[in-house]
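User: I'm new to reading protein models. Could you walk me through this one, feature by feature?

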Amino acid sequence: MEEQSIVRKRHSVILEDRKQLSLSGVSDVSGFDEGTVVLVTELGELTVKGSSLHINRFSVETGELDLDGEVDSLQYAENRQVQGSFFSRLFK
């Protein structure tokens, strides 16, 4: 059986003048509207709150995301990724 190596993308956050946010290491966008953008990153779930938020670019291949608007807060939640399948955890 071949072992699969997990390659993690580097995660970085660049916020310019609270108006332009550039991120790397983003694997998914869980939800978004003008006031909140919820992202899945390599280091956990990231919630961006503000007003007039707009995603300009998101690439799943590179994990890069650019958004603009008035950014009020960035908040990380604990990474809740579970290792292994249901049965591997059940019969551990």
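User: How many helices and strands does the secondary structure of the protein chain come to?

Analyst: Before counting, a word on what you're looking at: this is a predicted model, in which local features need pLDDT of at least 70, side-chain atom pairs count only at pLDDT 80 or more, and totals for chains, interfaces and linings use all residues. Residues are numbered from 1 along each chain as its sequence is written, and side-chain values use heavy atoms, with hydrogens and water left out. Helices (H or I, at least four residues) and strands (E, at least two) are DSSP runs, numbered from the N terminus. Here the protein chain has one helix and six strands. Going along the sequence, you meet them as β-β-β-β-β-β-α.

User: In what order do the six strands sit in the sheet?

Analyst: The general idea is pairing: two strands pair if DSSP finds at least two bridges between them. In this model the six strands make an open sheet with the order E1-E2-E6-E5-E4-E3, and the pairing is antiparallel. Strand E1 (12-16) and strand E3 (26-32) are the edges; each has a single partner strand, so one side of each has no neighbour in the sheet. Direction ignored, neighbouring strands of this sheet are turned by 45° against each other on average. For that angle, axes are lines fitted to C-alpha atoms, for helices over the stretch in contact, and angles run from 0 to 180 degrees between N-to-C directions.

User: How many bridges join strand E4 to strand E5?

Analyst: Six bridges link E4 (residues 36-41) with E5 (residues 44-59), and the two run antiparallel. To find your place in that pair, look for Val 38, which stands opposite Thr 47 in E5.

User: Thr 41 is in strand E4 too. Is Thr 41 buried or exposed?

Analyst: The labels work like this: buried means under 20% relative accessible area, exposed over 50%, and partly exposed in between (1.4 Å probe, protein chains only). Thr 41 has a relative accessible area of 5%, so it counts as buried. Across the protein chain, 26% of the 92 residues are buried.

User: What does the side chain of Thr 41 reach?

Analyst: Think polar contacts: pairs of N or O atoms within 3.5 Å, where, within protein, one must be able to donate a hydrogen and the other to accept it, and residues adjacent in sequence count only if both atoms are side-chain atoms. The side chain of Thr 41 reaches the backbone nitrogen of Leu 43 at 3.1 Å. A polar atom of that Thr 41 side chain also lies 2.6 Å from the backbone oxygen of Gly 44. Then there are plain contacts, meaning heavy atoms within 4.5 Å. Leaving aside neighbours within four places in sequence, Thr 41 touches His 11, Gly 25, Val 26, Ser 27, Leu 46 and Tyr 76.

User: How many salt bridges does the structure hold?

Analyst: Side chains of opposite charge can pair when their charged atoms come close. The cut-off is a side-chain nitrogen of Lys or Arg within 4 Å of a carboxyl oxygen of Asp or Glu. This structure holds five. One of them pairs Arg 18 with Asp 72, with the closest N and O atoms 3.1 Å apart. That pair links distant parts of the chain, with Arg 18 in the loop between E1 and strand E2 (20-24), Asp 72 in strand E6 (residues 64-76), and the two positions 54 residues apart.

User: Which residues does Arg 57 form salt bridges with?

Analyst: Arg 57 meets Glu 64, the closest N and O atoms being 3.1 Å apart, and Asp 66 at 3.0 Å, N to O. Arg 57 is partly exposed at 36% relative accessibility, as is Glu 64 at 31%. Asp 66 is partly exposed too, at 22%. Elsewhere, salt bridges that share partners join Arg 18, Lys 19, Glu 70 and Asp 72 into one network.

User: What is the phi of Asp 17 near?

Analyst: Most residues other than glycine have a negative phi, and most peptide bonds are trans. Asp 17 has a positive phi, near 55°, and Arg 18 has a positive phi near 55° as well. Asp 17 is in the loop between E1 and E2, and Arg 18 lies in that loop too. Asp 17 is exposed, at 72% relative accessibility, whereas Arg 18 is partly exposed at 41%.
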